Amino acid sequence: MKAFFKSFVYAFRGLGYCLVNERNMRVHFCCFGYMLFFLLRYDFFTVSKTQWSILALAAALVIVAEYINTAVERAVDTAAKGEKSESAKIAKDTAAGAVLIAAFFAVAVGILILYQPSAFKAMFDYYVANPLNFAFVLSSIILIFGFVIAGPKKIIEIFRRK
């Protein structure tokens with residue numbers, strides 16, 4: 001039983017590693033977070049349970065692909081021991097290509113489900129009428145952009161210097 005629970009510790013460690021060290025993973029998680037925020041917080045969009053499931057599956061596919069890509073990159077780097085290899089390059093490039101395909105698929109699914117002009121108009125009207133809320137969303141985007149680019153390690157480092 002102890003080994004079973006320990007496997008969860010390892011899994012969470014892997015989740016954390018990717019979020020801390022992989023910029024693209026932070027991009028995926030932030031995009032997923034904003035999508036959830038706007039769909040759960042507001043009622044601009046009409047999304048059925050089936051559409052929710054499809055959106056969740058598309059987002060999960062991208063995130064899983066990014067985790068697999070990271071695992072492939074680290075395994076290849078370890079096996080190559082710093083040497084340049086055409087096989088290593090192909091393995092890493094194809095794993096990255098799989099993430100790209102998953103991301104394109106997720107964007108296409110998002111467009112197909114969430115392209116609701118009336119919802120975007122309602123959102124625009126809401127933020128025109130509530131500029132403080134718009135300022136909040138805009139400032140959160142700026143902060144998230146900093147988080148994605150710098151990463152948690154650099155952000156913590158900046159605050160420790162002061």
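A helix here is a DSSP run of H or I at least four residues long, numbered from the N terminus. I kept that in mind while looking for pockets in this predicted model.

**Entry 1, the largest pocket.** I looked up its volume first and got about 650 Å³. Its lining takes in 22 residues, and Cys 31, Phe 32, Met 35, Ala 106 and Val 107 lie nearest the centre. Which helix gives the most to this lining? I found H2, with eight residues. H2 spans 23-41, and H3 (49-80), H4 (86-114) and H5 (117-129) also supply at least two residues each. I then sorted the lining by class: 20 nonpolar, two polar and no charged residues.

**Entry 2, the second largest pocket.** This one came out at about 160 Å³. H3 and H4 each give its lining at least two residues. I noted Val 76, Asp 77, Lys 81, Glu 83 and Lys 92 among the lining residues. By class I got six charged, three nonpolar and two polar.

**Entry 3, helix H4.** H4 supplies residues to the largest pocket and to the second largest, so I gave H4 its own look. H4 has 29 residues and runs 41 Å from first C-alpha to last, close to the expected 42 Å. Which residues of H4 are buried? My list includes Ala 88, Ala 95, Val 99, Ala 106 and Leu 114. H2, H3 and H5 are among what covers the buried residues of H4.

**Entry 4, the start of H4.** I checked what caps the N-terminal end of H4 and found Ser 85. A side-chain oxygen of Ser 85 lies 3.3 Å from the backbone nitrogen of Ser 87. Ser 85 also lines the second largest pocket, as does Ala 88.

Note on methods
Residues are numbered from 1 along each chain as its sequence is written. This is a predicted model: local features need pLDDT of at least 70, side-chain atom pairs count only at pLDDT 80 or more; totals for chains, interfaces and linings use all residues. Side-chain values use heavy atoms; hydrogens and water are left out. On a 1 Å grid over the protein atoms alone, a cavity is a set of points where a 1.4 Å probe fits but cannot get out, and a pocket is an open set with protein on both sides within 12 Å along at least five of seven lines; lining residues have an atom within 4 Å of a point. Grid points are joined across faces, edges and corners, and a volume is the space filled by probe spheres set on the points. Ala, Val, Leu, Ile, Met, Phe, Trp, Tyr, Cys and Pro count as nonpolar, Asp, Glu, Lys and Arg as charged, and the others, Gly among them, as polar. The expected span of a helix is 1.5 Å times one less than its number of residues. Buried means under 20% relative accessible area, exposed over 50%, partly exposed in between (1.4 Å probe, protein chains only). Contact means heavy atoms within 4.5 Å. A polar contact is a pair of N or O atoms within 3.5 Å; within protein, one must be able to donate a hydrogen and the other to accept it, and residues adjacent in sequence count only if both atoms are side-chain atoms.
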